[in-house]
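User: Before I rely on labels such as buried, exposed or salt bridge, I would like to see how each one is reached. Could you take me through the reasoning step by step?

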Amino acid sequence: DLLKVLEEHESPTSPFATEARTNQPARWCLPELVCEVEYAEITRDGTLRHPTYRGLRTDVDPREATGEERRESARKAQEAAKRAAIAPVASENGEKAARVPSVLEVEGKRIKLTNLEKVLFPEDGYTKADLIRYYTEVSPFLVPWLRDRPLTLKPFPDGIHGTHFYQKNKPGFTPEWIKSWTDPREPENAYVLANDMATLVWMANYTAIEIHPRLARADDPEKPDNVMIDLDPAEGATWDDVKEVAHVVKAVLDDLGIVGFPKTTGSRGIHVLVPIARRYTFEESRAFALRVGQLARERLPKLVTLEFSKSKRRGIYIDYLQNTRAKSTAGPYSVRPIRRAPVSAPLRWDEIASLGRPDAFTMINMSARLDAVGDLLGPSLGLAQKLPKPPA
DNA sequence: GGGTTGC
DNA sequence: GCAACCCAACGCATA
DNA sequence: TATGCG
Ligand SMILES: [Mn+2]
Ligand SMILES: [Mn+2]
């Protein structure tokens, strides 16, 4: 039946302008039939992953069948359905839940807060109000760290499973009192600087769940004041593996006479921040991170990799390449857009061994932790360590 | 999220 | 007054 | 140049 139809349109040569990749020798037909195909994903080179034939579509004109419009409308319908699913439920009498914006006054700035009851973390039920509360709670610890660091924001206006994007240039509706800085190398981007609690509140209302601060401050963007040693578990690596490598990194730093400040990433890894004098280039700070990685690999070759290619990685990848001018990775106290709403939590070295899971500290319990351990990153702020001379 | 556009 | 549409990043590694 | 990576 299908074969018969196809044979009616058979062509001795391929109708494609470029040669098509085929798994087996192919018989061709002219592009005069339209069928529906279900697939998992479209790769960047435009091929379909896991395609499944779903039948002919005689109602579609072959000349119109680019697939583009249908793909777009399907994507939008799915997003609309997701949004409807997270909208605050109507009250019992059937009235629509109130959606009246409120105004919060913070440090003399009046901030309009919208959709406070919108659920941003559906598995946990956490709302935008929870996110705003969290960032106000950590602001005494977070603002000193963020001060004058250009930020890349990662908003999730429809919750952690919805559309998200990176944002360097502040949006057009940003209040005028929000401080920003334009990178001379990117004249189009006015980066937000979160130098006060009010700005954090505004960012949280914007659903900027994740905050990516630079490793250099705006007044000297070419000179980082921290090196980041990023421990990234490859597929299959465990939290115990991460902890073991962290301890080796600590030993390597000790040998070099350097102090590092560990934090959970909130996801699966650990970041170690090494505060340095603002006199080195990113090339130099990157070289230092690489050296730490190499020394760690010498001590623990089974578990440490510096391999860029993901498929070749085993164990823990020490991502020294994060040490570049405008990189973007979640900063300390940033919430992570995953189940449990974990945060990137500064740690004491002696806590790591007994820390049972990488996402132990969350948007909800972090405030209690800060009451208990205080400002673990504060001591790093003015610490202008010299990097050891690289070996010849 | 919020500004803009279109009914 | 609404709902739909639109926009919101980038540098560097490697083959 | 194209893709992988974060
Ligand atoms: Mn990482
Ligand atoms: Mn929206």
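Analyst: Let us begin with the cut-offs for exposure: a residue is called buried under 20% relative accessible area, exposed over 50%, and partly exposed in between. Please keep in mind that this is a predicted model.

User: Why is Arg 185 called exposed?

Analyst: Its relative accessibility is 57%, and because the label exposed applies over 50%, Arg 185 counts as exposed.

User: What makes Glu 222 and Arg 185 a salt bridge?

Analyst: The rule asks for a side-chain nitrogen of Lys or Arg within 4 Å of a carboxyl oxygen of Asp or Glu, and the side chains of Glu 222 and Arg 185 meet at 2.7 Å, N to O, so the pair qualifies as a salt bridge. Glu 222 lies in the loop between β14 (208-213) and β15 (226-233), while Arg 185 lies in the loop between β12 (180-182) and β13 (190-192), so the pair ties together parts that are 37 residues apart in sequence. Glu 222, at 29% relative accessibility, is partly exposed. Both residues also belong to a network of salt bridges that links Asp 183, Arg 185, Glu 186, Arg 214, Glu 222 and Arg 325.

User: How many salt bridges does this rule give?

Analyst: The count comes to 22 salt bridges.

User: What do Asp 219 and Arg 278 tie together?

Analyst: Their side chains meet in a salt bridge at 2.4 Å, N to O. Asp 219 is in the loop between β14 and β15 and Arg 278 is in the loop between β17 (270-275) and α6 (282-299), so this pair ties together parts that are 59 residues apart in sequence. Asp 219 is exposed, with a relative accessible area of 61%, whereas Arg 278 is partly exposed at 27%.

User: How do you know that Lys 243 and Asp 240 are separated by about one helical turn?

Analyst: They are 3 residues apart in helix α5 (residues 239-256), which means a separation of about one helical turn. Their side chains meet in a salt bridge at 3.8 Å, N to O, and this value is within the 4 Å that the rule allows. Lys 243 is buried at 8% relative accessibility, while Asp 240 is exposed at 51%.

User: Is Ser 380 buried or exposed, and what does its side chain reach?

Analyst: Ser 380, which lies in the segment after α7 (366-373), has 3% relative accessibility and therefore counts as buried, since the limit for that label is under 20%. The side chain of Ser 380 reaches the backbone oxygen of Leu 377 at 2.8 Å, and a polar contact needs a pair of N or O atoms within 3.5 Å. Leaving aside residues up to four places away in sequence, Ser 380 touches Trp 145, Phe 261 and Pro 275.

User: Which residues provide the protein donors of the manganese ion (ligand 1)?

Analyst: They come from Asp 230, listed twice through OD, and Asp 232, also through OD, at 2.5 to 2.8 Å from the ion; donors are counted within 2.8 Å of the metal. Asp 230 is buried at 4% relative accessibility, whereas Asp 232 is partly exposed at 30%.

User: Which residues make the nonpolar surface patch?

Analyst: Leu 2, Leu 6 and Leu 56 make this patch of about 200 Å². Leu 56 lies in strand β6 (residues 52-56) and is partly exposed at 36% relative accessibility, a value that satisfies the patch requirement of over 30%.

Note on methods
Residues numbered from 1 in each chain as written. Chains lettered and ligands numbered in written order. Predicted model: local features only at pLDDT ≥ 70, side-chain atom pairs only at ≥ 80, totals over all residues. Heavy atoms only, no water. Helix = DSSP H or I, 4+ residues; strand = E, 2+ residues; numbered from the N terminus. Buried < 20%, exposed > 50% of the residue type's maximum accessible area, 1.4 Å probe, protein only. Polar contact = N/O pair within 3.5 Å; in protein donor to acceptor, adjacent residues only side chain to side chain. Contact = heavy atoms within 4.5 Å. Donors = N, O, S within 2.8 Å, 3.2 Å for Na, K, Ca; no water. Patch = residues over 30% accessible without salt bridge, like charges linked within 9 Å, V, L, I, M, F, W, Y side chains within 5 Å. Areas by Shrake-Rupley, 256 points an atom, 1.4 Å probe, with all protein chains shown as cover.
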